[in-house]
Amino acid sequence: MKIKSVRARVFEWKGKTVPPQGNFCSNAMDLLYSKAETMSTFRFHSWTVVEIETDDGIIGLGNVALAPKIAKAIIDEYLAPLVIGQDPWDYEYLWQRMYRATHAWGRKGVTMGAISAVDLAIWDILGKSVNKPVFKLLGGRTKEKIPCYYSKLYRTDLKAMQEEAQTYKDQGFKAFKMRFGYGPGHGQQGVVENLKSVEAVREVIGYENDLMLECYMGWNLEYAKRILPKLVKYEPRWLEEPVIADDIDGYAELNQLTDIPISGGEHEFSLYGFKQLLDKKAVSVVQYDTNRVGGITAAHKINALCEAYSVPVIPHAGQMHNYHLTMSTLASPMSEYFPQFDVEVGNELFYYIFKGEPVAENGFVDLRDDVPGLGLTMNPDYLDQFTITE
Ligand SMILES: [Mg+2]
């Protein structure tokens with residue numbers, strides 16, 4: 001079996017969107033002053049889809065959501081020529097080829113996202129070629145089904161947040177992630193608002209369920225150190241990305257500061273990036289995304305690394321490429337779950353581009369044993385809602 005062609009397309013949503021409500025979510029741009037800018041960089045409404053075809057007619061699907069037009073250019077210009085004519089079973093060799101050929105200017109960020117998309121399509125081909133789901137190729141089923149946590153609860157008014165939490169508690173979720181709406185620029189009043197929101201959600205979900213707290217890099221170290229001790233009494237399962245991804249020493253300091261585990265890694269890349277986070281004890285929960293970190297070839301190695309460090313892996317986003325990794329390793333106790341909504345932040349687009357993404361039932365998702373590869377197909381229902389760039 002040989003790779004015959006690589007096709008990368010950008011799907012840009014032009015359909016209906018829901019504007020961000022309330023204070024929504026703190027993020028890295030918050031430390032600057034323009035509110036409009038912070039919202040526009042937080043939302044992403046396009047995605048790169050990669051289709052790799054083999055000479056025996058198998059088509060593998062991969063995807064990446066980081067800087068989609070740049071990812072497409074990197075795939076077209078640099079990565080496709082490295083894999084065309086090659087045997088997809090040589091996936092480690094092909095991964096190293098892509099990684100080393102782009103090393104001078106790649107390594108992390110959008111280049112690693114582009115490599116991830118190609119690698120995902122290759123693994124989809126491997127599964128389809130032997131008629132097995134990808135998780136079977138990675139070690140098989142380590143859990144009956146995957147527990148998942150409800151991930152939304154953006155900072156709107158507290159009553160609306162409480163109603164949202166109640167709705168999904170009623171659907172059987174036992175873990176919930178909420179977003180902070182305020183950061184250093186909002187002063188002490190923002191600290192008070194942040195604490196009020198945690199209290200409001202705790203009031204609804206109780207202490208018998210898990211509560212995760214998300215900062216999306218919208219704080220700085222000084223602010224995080226000020227607020228963290230005040231959050232201890234709410235017993236969060238973790239506090240996510242309190243500071244920007246490059247401040248690894250900041251993560252390490254915060255992770256030792258209180259009993260609250262610090263999580264991160266959705267903006268970290270490759271085996272080396274995670275070795276550094278673990279060596280420094282910077283995170284107590286690893287949250288790579290398979291479509292950023294280097295694909296399944298890299299994520300599988302990071303799972304082994306985390307197993308050895310006894311640090312749980314709970315990948316960013318649900319999405320098929322992550323579920324297969326979570327299913328096949330004991331290092332991963334659960335998944336994140338973005339529910340299907342009208343297009344808002346952009347995570348929801350996955351449901352509009354692909355078919356096959358599992359829907360949570362009673363707080364669990366499951367993967368089918370009888371669907372080969374990653375289990376995704378292109379969704380024909382919304383094609384006219386996208387501008388597609390070939
Ligand atoms: Mg996150």
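User: Which residues does Phe176 touch, leaving out those up to four places away in sequence?
Analyst: This is a predicted model, where local features need pLDDT of at least 70, side-chain atom pairs count only at pLDDT 80 or more, and totals for chains, interfaces and linings use all residues. Numbering starts from 1 along each chain as its sequence is written. Contact means C-beta atoms, placed from the backbone, within 7 Å. By that test Phe176 touches Tyr149, Tyr150, Leu153, Ala165, Tyr168, Val201, Ile205, Asn209, Leu211 and Met212.

User: Which helix gives the most residues to the largest nonpolar core?
Analyst: A nonpolar core joins buried Ala, Val, Leu, Ile, Met, Phe, Trp, Tyr and Cys residues through C-beta atoms within 7 Å. The largest has 111 residues, and Ile75, Val118 and Phe176 have the most contacts inside it. With 11 residues, the top giver is helix H4 (residues 109-129).

User: Between which domains does this core lie?
Analyst: Domain bounds come from an automatic or database assignment. Both domains give residues to the core, so it lies between domain 1 (3-131) and domain 2 (136-379).

User: What distance does helix H7 reach from its first C-alpha to its last?
Analyst: Helices (H or I, at least four residues) and strands (E, at least two) are DSSP runs, numbered from the N terminus. H7 covers residues 187-205, 19 in number. The expected span, 1.5 Å times one less than the number of residues, is 27 Å here. H7 comes close to that, reaching 28 Å.

User: Which residues of H7 are buried, and what do they pack against?
Analyst: Buried means 20 or more other C-beta atoms within 10 Å of a residue's own, exposed means 12 or fewer, and partly exposed is in between; C-beta atoms are placed from the backbone. Asn194, Ser197, Val201 and Ile205 are buried, while Gln188, Gln189, Lys196, Glu199 and Glu203 on the other side are exposed. The buried residues pack against helix H6 (158-170), strand E5 (175-179), strand E6 (210-214) and helix H8 (221-231).

User: Is Glu268 buried or exposed?
Analyst: Glu268 sits in the loop between strand E8 (262-264) and helix H10 (270-279). Its contacts include Phe274 and Tyr288. With 25 C-beta neighbours inside 10 Å, Glu268 counts as buried.

User: What share of the chain's 390 residues is buried?
Analyst: The chain holds 14 helices and 14 strands. Its C-alpha trace spans about 60 × 45 × 45 Å along the principal axes. Of the 390 residues, the buried share is 49%.

Notes. Contact = placed C-beta atoms within 7 Å.
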